[in-house]
Amino acid sequence: MLDNKAQIRTIEAFLAISVMFSALALTLQMPSTPDFEKQRQLKKLGTQILMQLDFNGTLGKLIEDANWTSLRANLDLFLPSGILYNLTVYDENLQRVNTQEVCNSNQQGVAAVVVQYLCVIQSADTHFYTIQLRLAWLE
Amino acid sequence: MKKKENSGQVILIAVLAMALILLFTQVYVFEVQMSTVYPNYTLLNEHILTIRLGSRNVVIGSIANASSGGSNTILAANLNKWVGLVNKQTEFGRSSLTYTMEETEPYSSGIWLSWGTEGFGVSSATAHFTYNLSDREVDADFSYAVNITTTLMIEGSFRKANGDEKQVNVTINLLNEDKPALAVQITLYYRVIDSWLTPNASNNYAVTDYGNGTYLASFIANIPSATVDVSVLVRDQRQILVQANATCSQI
């Protein structure tokens with residue numbers, strides 16, 4: 001009887017330890033909150049770059065001319081290294097306009113922020129486009 | 001004795017309770033962080049600036065169209081499209097962009113085209129906007145005006161050469177919102193009796209670009225009349241056309 005008691009105590013102790021360790025392991029595995037400050041910075045940067053390109057009409061001209069290579073070159077130039085991007089242009093009917101990918105990598109599985117930008121072409125034939133720029137930090 | 005026998009189970013339950021408290025605390029901290037950081041209104045300034053920039057581009061495109069012979073209603077049509085697009089935006093709350101076109105003289109439907117004979121020409125468009133954002137945490141109004149004006153000023157002089165031949169110099173000044181601007185196209189005409197002709201290489205036609213919005217056009221032509229009338233049509237870098245006519249003075 002005495003021997004059994006000791007065994008039960010040992011099992012209980014093991015159970016208690018395993019419960020505590022499981023709880024700690026679960027806590028550590030909880031997803032950490034995203035770094036909102038970094039995301040905010042990324043979104044701000046993306047908006048500012050699009051505005052800079054749009055101010056003198058460059059952005060609209062590149063879209064109108066379907067010059068995706070040059071648009072990619074501009075984004076490569078303005079965005080700091082270590083940032084992944086993927087840009088998609090939609091027309092007024094939300095049909096995709098860019099026939100080529102405007103990106104510097106495959107962003108699948110990467111947590112990204114999305115900048116949505118309305119672009120108006122500075123020309124006599126005023127056209128409206130919605131630009132979606134997905135940005136992510138290179139992990 | 002009974003109490004002592006159950007002590008192990010009590011410890012087990014206590015441990016279980018502690019583990020649950022630990023987990024719930026972690027979940028609570030996560031939820032609180034998520035709800036306080038997002039949505040985020042620090043990007044509101046950029047959002048407003050993009051709306052202003054878009055409004056400016058709409059006005060530029062509209063005056064470019066109207067100055068090239070388009071309809072006076074083009075500004076209203078383009079602004080309606082723009083307002084419709086902006087008002088679909090919901091990232092920062094409910095968007096409401098409204099506009100009024102300048103109707104004060106000399107504007108009509110927000111557009112003023114004056115291509116005069118006194119060496120002065122204007123192509124201008126003006127609209128006023130009010131942008132309202134409303135949400136649970138924000139309710140803000142922003143008012144701004146967009147004025148796009150391309151101004152052309154020309155001044156000509158001529159010197160008599162042999163017979164009807166005249167050496168003509170025309171100084172051209174181009175302004176965008178009262179600041180010197182560059183032209184992408186300059187077309188000069190001079191009048192011979194009732195016809196308007198363009199000078200070419202045979203007239204020693206040359207345009208000097210001073211790089212600051214000032215251009216000097218010179219040519220030699222046979223003009224029988226005592227006066228020399230010139231007309232200059234300029235397209236600026238925003239594709240806005242403007243024209244001015246002038247009578248050159250003899251030197």
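1. A:Asn86 has A:Cys103 as its bridge partner in S2(A). This is a predicted model, and that pair belongs to its sheet in chain A. S1(A) and S2(A) run antiparallel and are joined by two bridges. S2 of chain A covers 102-103.

2. The sheet of chain A is open and has four strands. Its order is S2-S1-S4-S3, with antiparallel pairing. S2 and S3 stand at the edges, and each has a single partner strand, so one side of each is left without a neighbour in the sheet.

3. S4(A) pairs with two strands. Strand S1 (residues 83-90) of chain A is joined to strand S4 (residues 128-137) by eight bridges, and the two run antiparallel. A:Leu84 stands opposite A:Ala136 in that pairing with S4(A). Strand S3 (residues 113-120) of chain A also pairs with S4(A) in the antiparallel sense, over eight bridges. Here A:Val114 stands opposite A:Arg134 in S4(A).

4. A helix covers part of this sheet. Helix H2 (residues 36-55) of chain A lies across S3 and S4 of chain A. H2 runs at about 20° to S3(A).

5. Now the overall layout of chain A. The chain has four helices and four strands. Along the sequence the pattern is α-α-α-α-β-β-β-β. Of the 139 residues in chain A, 24% are buried. Among contacts between residues at least 6 apart in sequence, 61% join residues at least 24 apart.

6. The domain assignment splits chain A into domain 1 (1-30) and domain 2 (36-137). The C-alpha centres of these two domains of chain A lie 55 Å apart. The four-stranded sheet has S1 at residues 83-90 and S4 at residues 128-137, and the assignment places 36-137 in domain 2 of chain A.

7. How many residues of each chain take part in the contact between chain A and chain B? Chain B brings 39 residues and chain A 31. On the side of chain B that touches chain A, helix H1 (2-37), helix H2 (44-67) and helix H3 (74-86) of chain B each supply at least two residues. H1(B) gives the most, with 13 residues. By class, this side of chain B has 20 nonpolar, 15 polar and four charged residues.

8. H2(B) deserves a check on its geometry. The helix has 24 residues and spans 35 Å from its first C-alpha to its last. That is close to the 34 Å expected at 1.5 Å a residue. B:Gly69 follows H2(B) and has a positive phi, near 105°.

9. Chain B is also assigned two domains: domain 1 (44-149) and domain 2 (152-250). Their centres, taken over C-alpha atoms, are separated by 33 Å. Between the two, 15 residues of domain 1 of chain B are in contact with 14 residues of domain 2 of chain B. The elements giving two or more residues to the domain 1 side are H2, strand S3 (120-134) and strand S4 (139-160) of chain B. That side has six nonpolar and nine polar residues, and no charged residues.

10. S4(B) is worth tracing through its pairings. S3(B) and S4(B) run antiparallel and are joined by 15 bridges. They form a hairpin with four residues between them. B:Val122 stands opposite B:Thr151 in S4(B). On the other pairing, S4(B) and strand S5 (residues 165-176) of chain B are antiparallel over 11 bridges. These two strands also form a hairpin with four residues between them, and B:Gly163 in the turn has a positive phi of about 60°. B:Thr150 stands opposite B:Asn176 in S5(B).

11. S4(B) has a parallel partner too. Two bridges join S4(B) to strand S12 (residues 241-250) of chain B, and these strands run parallel. The bridge partner of B:Phe158 in S12(B) is B:Gln250.

12. Is B:Phe158 buried or exposed? This residue of strand S4 of chain B counts as buried, because 24 C-beta neighbours lie inside 10 Å. Leaving out residues up to four places away in sequence, B:Phe158 touches B:Lys166, B:Gln167, B:Val168, B:Val228, B:Cys248 and B:Gln250. B:Leu79 sits 79 residues from B:Phe158 along the chain, and their C-alpha atoms are separated by 46 Å.

How values were computed
Residues numbered from 1 in each chain as written. Chains lettered and ligands numbered in written order. Predicted model: local features only at pLDDT ≥ 70, side-chain atom pairs only at ≥ 80, totals over all residues. Contact = placed C-beta atoms within 7 Å. Nonpolar A, V, L, I, M, F, W, Y, C, P; charged D, E, K, R; others polar. Domains from an automatic or database assignment. Expected span 1.5 Å × (residues − 1). Buried ≥ 20, exposed ≤ 12 C-beta atoms within 10 Å, placed from the backbone. Pairing = 2+ DSSP bridges. Axes fitted to C-alpha atoms, helices over the stretch in contact; angles between N-to-C directions.
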